[in-house]
Amino acid sequence: MNYREAYRESIERPDSFWGRAAEEIAWDKRWDQVLDTTDLPFCRWFRGGRLNTCFNALDRHVKEGRGEQKALIYDSPVTKTISSLTYKELLHRTAKTAGFLKALGVRKGDTVIIYMPMIPEAVISMLACARIGAIHSVVFGGFAPKELAVRIDHAKPKVLLSASCGIEGNKVIPYKPLVDEAVAIAKHRPERCVILQRPMVNGSIEKGRDLDWSELEENAQEAKCVSLEATDPLYILYTSGTTGKPKGVVRDNGGHAVALKWTMKHIYGIGPGDVYWAASDVGWVVGHSYIVYAPLLIGATSIVYEGKPVGTPDPGAFWRVISQHGVKVLFTAPTAMRAIKREDPKGEHLKKYDLSHFKALFLAGERTDPDTYNWANDLLNKPVIDHWWQTETGWAITGNFLGLETFPIKPGSSTKPMPGYDLRVIDPVTGKEVGPNENGIIVVKLPLPPSNLPTLWKDDERFLNSYMKPYPGFYLTGDGGYVDEDGYVFVMGRVDDVLNVAGHRLSTGGMEEVLAKHPEVAECAVIGAADDLKGQVPVGLIVLKSGVYRPHAEIVSEVIKMVRKDIGAVASFKKAVVVKRLPKTRSGKILRGTMRKIADGEKVGIPSTIDDPAVLDEIKVALNSIGYGPPPS
Ligand code: COA
Ligand code: AMP
């Protein structure tokens with residue numbers, strides 16, 4: 001089957017396309033209906049089917065003779081460790097972990113929060129939840145206690161799983177004090193916190209609440225897989241919306257397993273026994289889908305890498321891992337390539353390693369800019385494939401296919417829509433479809449393919465308002481771009497107030513809420529300014545209350561600390577400036593887009609709706625004083 005046939009069938013006869021893909025999954029009970037659209041815009045995949053995702057990821061492979069194959073390789077340059085777990089070993093540890101969760105009273109439908117560094121136990125804990133039907137919610141380690149607390153209050157976990165510390169380059173970050181602070185702030189109290197003690201730091205154990213992971217695991221009984229409805233939730237993953245309140249994206253079991261297994265073969269060209277590496281973090285959707293679930297569903301070997309692209313120890317780190325473990329496909333973010341390029345522009349480190357078995361580099365998390373594409377492509381001389389996706393979808397919306405049909409690449413484009421995605425570009429005002437090469441908002445005609453979010457956790461209303469109501473019959477992606485005359489999709493960036501910092505999705509609204517809490521700040525705005533390394537970084541503009549005469553530098557340094565404390569280091573909020581006033585429309589809307597253009601040195605016309613054009617010159621001067629935009633004339 002070529003791309004055209006696959007795409008056409010997926011849109012015209014989704015039941016037949018995804019029904020066939022579902023044959024690859026081991027079901028406890030076959031589905032009654034592939035796709036149920038009776039309640040659109042809510043849609044359900046594989047209704048009536050029963051399965052267990054952990055069974056499909058582990059037990060099944062052991063039963064089928066793959067038990068001695070490596071399932072996980074843990075490569076941690078920061079602790080100088082390389083170890084591995086076979087499918088049999090991973091199954092054993094997962095079943096024991098599931099066993100202690102059960103002993104702690106965790107049952108099907110309960111939630112468990114996982115706040116872990118990049119160690120095998122992060123994967124084990126996710127699979128253990130899946131095994132007993134508990135719904136996991138992984139929180140990225142770079143988020144501050146407050147953000148963790150917000151997620152605790154929303155997900156209401158019975159148990160929280162964490163480790164004593166994470167390691168970021170050469171910094172050891174104790175996690176336990178962060179967990180303690182989060183639990184103290186949160187209104188909801190997890191019954192138990194289970195802490196994996198790492199040798200670098202010992203986490204304090206609060207009697208009656210905290211338990212030691214290793215002791216529990218050692219004494220646990222192995223737990224069996226629980227049979228779940230295809231439509232039962234597998235996990236909740238919180239992602240940034242336009243406000244400070246994160247959205248709890250829900251993933252089901254059946255559609256997720258079917259779609260992800262399909263993608264391994266058809267997008268990445270990966271089969272059982274291959275080594276696949278997603279250099280991301282389990283805290284992000286890329287980590288969920290492509291460190292944990294998809295590689296294990298297909299029976300491949302996945303790598304858990306605790307390190308950075310540079311500095312652990314040098315910009316050859318990725319090439320070393322690829323060569324040492326025989327990686328066939330690497331998936332990472334363009335920012336990682338830019339970090340390597342910055343330190344090793346000529347690829348001297350690459351020359352030390354044999355990459356003959358390496359087949360392709362996949363990039364996502366942000367648009368691969370043509371410069372980064374050209375650099376990586378010239379250096380590796382292997383396909384470099386940009387593919388676009390979101391936490392909401394769980395897998396790519398557009399991309400290129402190693403296992404279906406590989407299209408010639410146009411730098412800057414993430415190639416073609418994936419089967420299942422009836423993608424359209426519309427004019428934001430009229431809602432009408434635009435022609436080739438015309439910019440607009442990218443939407444997907446319903447129904448969305450399997451693995452896409454069925455709803456937001458305990459918030460159908462927000463699901464409808466955010467994604468479904470703006471253009472009825474379509475899913476609003478929040479990204480803008482265009483499709484060219486050959487059907488290539490160019491995704492140019494978010495059309496809302498969501499930032500993309502080093503491939504991490506963050507909310508400007510969330511940061512503004514923090515700045516606004518400073519007692520001397522009257523008003524503020526956060527914009528995403530272009531950054532050579534991280535793609536975008538947040539920049540704050542603050543207006544002080546009248547009568548505040550303290551040095552601006554003091555206040556700036558305080559708000560920077562506040563964002564780090566409230567949101568986390570991951571926000572990379574390092575620049576802010578005091579301004580007399582913010583540019584606004586006559587109706588009072590802050591012109592963030594105009595300020596972003598000024599920061600990026602783009603040509604800025606005077607918006608017709610602006611209240612007072614003179615303010616733009618003040619903004620130019622202010623932004624220039626912190627290194628953004630050309631010097632004002
Ligand atoms: N736990 C605690 N802190 C964390 C963390 C974690 N899991 N992850 C990041 N941080 C901290 C970092 O230490 C850094 O802190 P600092 O301000 O004290 O230096 C801050 O959060 C920002 O981290 P990061 O965005 O990773 O920037 P960096 O400057 O440390 O590294 C890159 C830059 C490009 C090397 C890095 O972003 C990278 O490897 N990106 C790969 C892309 C990726 O994984 N994307 C995920 C989606 S696919
Ligand atoms: P997240 O939900 O964290 O995965 O972030 C999703 C957002 O990242 C998307 O809405 C896009 O704005 C951006 N993004 C991810 N991959 C790409 C890509 N390949 N091209 C352009 N933007 C991307």
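Let us start at the surface of this predicted model, with asparagine 170, which counts as exposed at 76% relative accessibility. You will find asparagine 170 in the loop that runs between strand S9 (165-168) and strand S10 (171-174). If you would like a yardstick, take serine 302: asparagine 170 and serine 302 are 132 residues apart in sequence, and their C-alpha atoms are 24 Å apart in space.

Now turn to another loop, the one between strand S16 (275-278) and helix H10 (285-298), where alanine 279 sits. Is alanine 279 buried or exposed? Its relative accessibility is 17%, and because buried means under 20%, alanine 279 counts as buried. Leaving aside residues up to four places away in sequence, alanine 279 touches Phe318, Leu330, Phe331 and Thr332. Tyrosine 290 makes a second yardstick: alanine 279 and tyrosine 290 are eleven residues apart in sequence and 9.1 Å apart from C-alpha to C-alpha.

Aspartate 479 is our next stop, and it belongs to strand S26 (residues 474-483). This is a charged residue, yet aspartate 479 is buried, with a relative accessible area of 7%. Which side chain joins that of aspartate 479 in a polar contact? The partner is tryptophan 388, and the contact is 3.1 Å. Beyond residues up to four places away in sequence, the residues that aspartate 479 touches include Trp388, Gln390, Ile441 and Ile442. Val491, Gly493, Arg494 and Val495 are also among the residues touched by aspartate 479.

With these places in mind, step back to the whole chain. The domain assignment gives domain 1, made of residues 3-307 + 387-481, and domain 2, made of residues 502-625. Their C-alpha centres lie 33 Å apart. How many residues of each domain are in contact with the other? There are 18 in domain 1 and 15 in domain 2. Between them the two domains bury an area of about 1,200 Å², and carbon and sulfur atoms give 45% of it. On the side of domain 1, Lys146, Ser240 and Trp284 lose the most area to domain 2, and together these residues make up 35% of what that side buries.

What holds across this boundary in terms of charged and polar pairs? Three salt bridges are counted between domain 1 and domain 2. Arginine 505 forms a salt bridge with glutamate 392, with the closest N and O atoms 2.8 Å apart. The count of residue pairs in polar contact between the two domains is seven. Helix H6 (residues 145-155) gives the most to the side of domain 1 that touches domain 2, contributing three residues. That side of domain 1 divides into five nonpolar, nine polar and four charged residues.

Finish with helix H15 (residues 508-516), which is largely enclosed by the rest of the structure because seven of its nine residues are buried. The buried ones are Thr508, Gly509, Gly510, Met511, Glu512, Val514 and Leu515. What covers these buried residues? The cover includes four strands you can pick out in turn, S28 (498-501), S29 (504-507), S30 (521-531) and S31 (535-544). Helix H16 (552-566) and helix H17 (592-599) are also part of the cover. Look last at the start of H15, where a side-chain oxygen of serine 507 reaches to within 3.2 Å of the backbone nitrogen of glycine 509.

How values were computed
Residues are numbered from 1 along each chain as its sequence is written. Chains are lettered from A and ligands numbered from 1 in the order in which they are written. This is a predicted model: local features need pLDDT of at least 70, side-chain atom pairs count only at pLDDT 80 or more; totals for chains, interfaces and linings use all residues. Side-chain values use heavy atoms; hydrogens and water are left out. Domain bounds come from an automatic or database domain assignment. Contact means heavy atoms within 4.5 Å. Buried area is the accessible area (1.4 Å probe) that two parts lose on being put together, summed over both. A salt bridge is a side-chain nitrogen of Lys or Arg within 4 Å of a carboxyl oxygen of Asp or Glu. A polar contact is a pair of N or O atoms within 3.5 Å; within protein, one must be able to donate a hydrogen and the other to accept it, and residues adjacent in sequence count only if both atoms are side-chain atoms. Helices (H or I, at least four residues) and strands (E, at least two) are DSSP runs, numbered from the N terminus. Buried means under 20% relative accessible area, exposed over 50%, partly exposed in between (1.4 Å probe, protein chains only).
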